Amino acid sequence: LIIKRALDVSGWGVDYYLYSTNKCFGPQMGVMYVSNESLQEISELAQNKNFVTPECGFPRILECGVPNISSCVGRFTFQDYLISIAGILKIDVEKNSDDLTDPININHSTIVKIWQSIDSLEQSLKFDFISYLLTIEGLTIHGDHTKTIIETETDKKKIENNNETIPIISFTHSKYSNSQIWEILNSSKIVVSVGDQNCPLICKSFKLSIDKGPIDSGVVSISFSHYTISDEIQATVDALEKLWNPVPAS
């Protein structure tokens with residue numbers, strides 16, 4: 001699951017949750033959460049041998065080798081990054097302790113406030129771009145984003161606090177190939193992802209082609225983040241307009 005949200009795994013009642021911290025502004029490092037109940041169920045693994053350390057318990061027994069030390073150090077700079085965002089957004093930072101080596105120094109409620117503020121910024125960007133895409137004839141947005149489109153300015157505030165979908169928008173066009181869309185955006189130095197996104201079965205479930213090669217299979221996918229600015233959204237729109245409505249050569 002790739003998601004930029006403050007998640008309450010205890011509230012979900014999940015047994016295992018795996019993700020990469022680079023998907024939420026952290027270093028390239030995998031993380032696995034295991035509930036206490038599940039940890040007890042698999043405790044017999046501790047009787048086995050680790051590749052590096054012959055005698056060890058949890059969690060080392062689950063590692064294939066030496067941990068990614070540099071990324072573990074990067075985990076602390078990620079916390080600094082969250083604190084800097086909180087300062088920009090004027091969010092009071094509450095800490096669990098004064099110990100900067102404490103890996104969970106920022107308390108949970110502060111982290112949730114930061115993610116909610118980030119989400120609000122991203123949802124606004126997503127709303128503006130999807131509203132534009134919906135005006136393009138022959139263009140199909142894939143996923144549930146269109147459910148969040150609300151017409152009035154008053155109701156627009158509701159979408160900005162709606163965390164049902166993250167600002168990753170996938171689309172195709174009936175007339176223009178993924179290659180053509182990628183080329184026009186790339187010429188304007190706008191980076192998008194094209195292809196099956198390493199998810200051919202999901203693309204197939206959306207009745208998308210998965211046999212047109214690495215670029216023209218699947219979708220065009222564009223993502224926004226809290227550091228995306230409205231000028232960049234407009235630049236993307238301007239680039240696409242060159243494809244939909246080219247200016248005739250004089």
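The following paragraphs describe the helix packing and the aromatic pairs of a predicted model.

The protein chain of this predicted model comprises nine helices and six strands. Of its 250 residues, 36% count as buried, and among the contacts in the chain with a separation of 6 or more, 58% are accounted for by residues 24 or more positions apart. Two helix contacts are described here, and helix H9 (residues 230-244) takes part in each, once with helix H6 and once with helix H4.

In the contact of H6 (residues 178-187) with H9, the two axes come within 9 Å and cross at roughly 130°. Because this angle falls outside the ranges that count as roughly parallel, roughly antiparallel or roughly perpendicular, the two helices are oblique to each other, and their crossing is right-handed. On the side of H6 the contact is made by Gln180, Ile181, Ile184 and Leu185, whereas H9 contributes Thr236, Ala239, Leu240, Lys242, Leu243 and Trp244. Divided by class, the residues of this contact are seven nonpolar, two polar and one charged.

The burial of H6 adds to this picture. Asn178, Ser179, Ile181, Ile184 and Leu185 of H6 are buried, and of these Ile181, Ile184 and Leu185 also appear in the contact with H9. The cover over the buried residues of H6 includes, besides H9, strand E4 (168-173), strand E5 (193-195), helix H8 (213-216) and strand E6 (219-223). Just after H6, Lys189 adopts a positive phi of about 60°.

The packing of H4 against H9 has another geometry: the helices meet at an angle of about 15°, with their axes 10 Å apart, which makes H4 roughly parallel to H9. Here, too, the crossing is right-handed. The residues of H4 that meet H9 are Leu125, Phe129, Tyr132 and Leu133, and their counterparts in H9 are Ser230, Ile233, Thr236, Val237, Leu240, Glu241 and Trp244. By class, this contact holds eight nonpolar, two polar and one charged residues. Thr236, Leu240 and Trp244 of H9 are listed in the contact with H4 and are listed again in the contact with H6.

Aromatic pairs form a further feature of the model, which holds five of them. A pair of aromatic rings is described by the distance of the centres and the angle of the planes. In the pair of Trp12 and Tyr17, the centres lie 6.0 Å apart and the planes stand at 75°, an edge-to-face arrangement. The two partners differ in burial class, since Trp12, at 48% relative accessibility, counts as partly exposed, whereas Tyr17, at 10%, counts as buried. The rings of Phe129 and Tyr132 are separated by 6.4 Å between centres and have their planes at 40°, so that this pair is tilted. Ring pairs also link Trp12 and Tyr17 with Tyr19 into a cluster.

The pair of Phe129 and Tyr132 leads back to the helix packing. Both residues lie in H4 (residues 108-133), three residues apart, or about one turn of the helix. Because an α-helix has 3.6 residues a turn, residues three or four places apart point the same way. Both Phe129 and Tyr132 are buried, and both are among the residues of H4 that meet H9.

How values were computed. Residues are numbered from 1 along each chain as its sequence is written. This is a predicted model: local features need pLDDT of at least 70, side-chain atom pairs count only at pLDDT 80 or more; totals for chains, interfaces and linings use all residues. Side-chain values use heavy atoms; hydrogens and water are left out. Rings of Phe, Tyr and Trp (its six-membered ring) pair if their centres lie within 6.5 Å; planes under 30 degrees apart count as stacked, over 60 as edge-to-face and the rest as tilted. Buried means under 20% relative accessible area, exposed over 50%, partly exposed in between (1.4 Å probe, protein chains only). Helices (H or I, at least four residues) and strands (E, at least two) are DSSP runs, numbered from the N terminus. Axes are lines fitted to C-alpha atoms, for helices over the stretch in contact, and angles run from 0 to 180 degrees between N-to-C directions. Angles under 35 degrees count as roughly parallel, over 145 as roughly antiparallel, 65 to 115 as roughly perpendicular and the rest as oblique. A crossing is left-handed if the near helix is turned anticlockwise from the far one by less than a right angle, and right-handed if clockwise. Contact means heavy atoms within 4.5 Å. Ala, Val, Leu, Ile, Met, Phe, Trp, Tyr, Cys and Pro count as nonpolar, Asp, Glu, Lys and Arg as charged, and the others, Gly among them, as polar.
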